[in-house]
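The following note is offered to a colleague who has the coordinates at hand. The points are numbered so that each may be taken up separately.

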Amino acid sequence: MKSKILCALAVLNVGLALTLVFGSVTENQAMAQRVMRPADYVLIPGDIPGGGSGVVYIIDSSNGMLAAMAYNDSNNTLDVMPALDVARLFQGAGAR
């Protein structure tokens, strides 16, 4: 009985030693994953010239987009401006 336990412990020690040796011999390779992080938003309150309601400008700094939203008091709706590509807007600014 003691010889079987001693033999099993010896085999276990050899297995652990092999695991230790092969674990330290192989190279560790870094595997990067592409993580889609949420966008960074900046909200800027403002006024519409000649209008009675305010507007909130939304800048998505990760994707370079600009949008705006305004609350319409007369019919209780939220008016949304379609998003604009900021880089495209700035390219045309230097042409004048």
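**Notes on the predicted model**

1. The chain contains two helices and four strands. Read from the N terminus, these elements follow one another as α-β-β-β-β-α. The model is a predicted one, and the remarks below should be read accordingly.

2. On confidence, the mean pLDDT of the chain is 83, and 83% of its residues reach 70 or more. Helix α2 (residues 86-93) has the lowest confidence, with a mean of 80, whereas β1 has the highest, at 91. As a general caution, predicted coordinates should not be read in detail where pLDDT is low.

3. The chain as a whole shows little burial: of its 96 residues, 6% count as buried. Its accessible surface comes to about 8500 Å², and carbon and sulfur atoms contribute 64% of that area. Among the contacts in the chain with a separation of 6 or more, 4% are between residues 24 or more positions apart.

4. The four strands make up an open sheet in the order β1-β2-β3-β4, and the pairing is antiparallel. Its edges are formed by β1 (41-47) and β4 (77-85), each of which pairs on one side only. From one strand to the next, the twist averages 20 degrees.

5. At one edge, β1 is joined to strand β2 (residues 54-60) by seven bridges in the antiparallel sense. Two positions illustrate the register: valine 42 stands opposite isoleucine 59 in β2, and aspartate 47 stands opposite glycine 54 in β2. How many of the seven residues of β1 are buried? The count is zero, and the strand is hardly covered. The strand that carries the highest confidence, at 91, is thus to be described as hardly covered as well.

6. The next pairing, between β2 and β3, is also antiparallel and comprises six bridges. These two strands form a hairpin with four residues between them, and glycine 64 in the turn has a positive phi of about 70 degrees. Methionine 65 in β3 is the bridge partner of aspartate 60.

7. Aspartate 60 merits a separate remark. The residue belongs to strand β2. Is aspartate 60 buried or exposed? Its relative accessibility is 9%, and it therefore counts as buried, the cut-off for that class being under 20%. Once neighbours within four places in sequence are left aside, the contacts of aspartate 60 are with Ala39, Asp40, Tyr41 and Met65. Met65 in this list is also the bridge partner of aspartate 60.

8. Strand β3 (residues 65-72) is joined to β4 by seven bridges, and the two strands run antiparallel. Leucine 66 has leucine 84 in β4 as its bridge partner, while tyrosine 71 is matched with leucine 78 in β4.

9. The hairpin of β3 and β4 has four residues between the strands. Which residue in this turn has a positive phi of about 55 degrees? It is asparagine 76, which lies in the loop between β3 and β4. In general, most residues other than glycine have a negative phi. Asparagine 76 has a positive value although it is not a glycine, and a reader may wish to look at this position in the display. With a relative accessible area of 55%, asparagine 76 is exposed, because that class begins over 50%.

10. Outside the sheet, threonine 19 lies in helix α1 (residues 2-25). Threonine 19 counts as exposed because its relative accessibility is 57%. A polar atom of its side chain lies 2.8 Å from the backbone oxygen of glycine 15.

11. In summary, the points to retain are the open sheet of four strands with antiparallel pairing, the 6% of residues that count as buried, the burial of aspartate 60 at 9% relative accessibility, and the positive phi of asparagine 76.

Definitions and conventions: Residues numbered from 1 in each chain as written. Heavy atoms only, no water. Pairing = 2+ DSSP bridges. Axes fitted to C-alpha atoms, helices over the stretch in contact; angles between N-to-C directions. Buried < 20%, exposed > 50% of the residue type's maximum accessible area, 1.4 Å probe, protein only. Polar contact = N/O pair within 3.5 Å; in protein donor to acceptor, adjacent residues only side chain to side chain. Contact = heavy atoms within 4.5 Å. Areas by Shrake-Rupley, 256 points an atom, 1.4 Å probe, with all protein chains shown as cover. pLDDT = per-residue confidence, 0-100.
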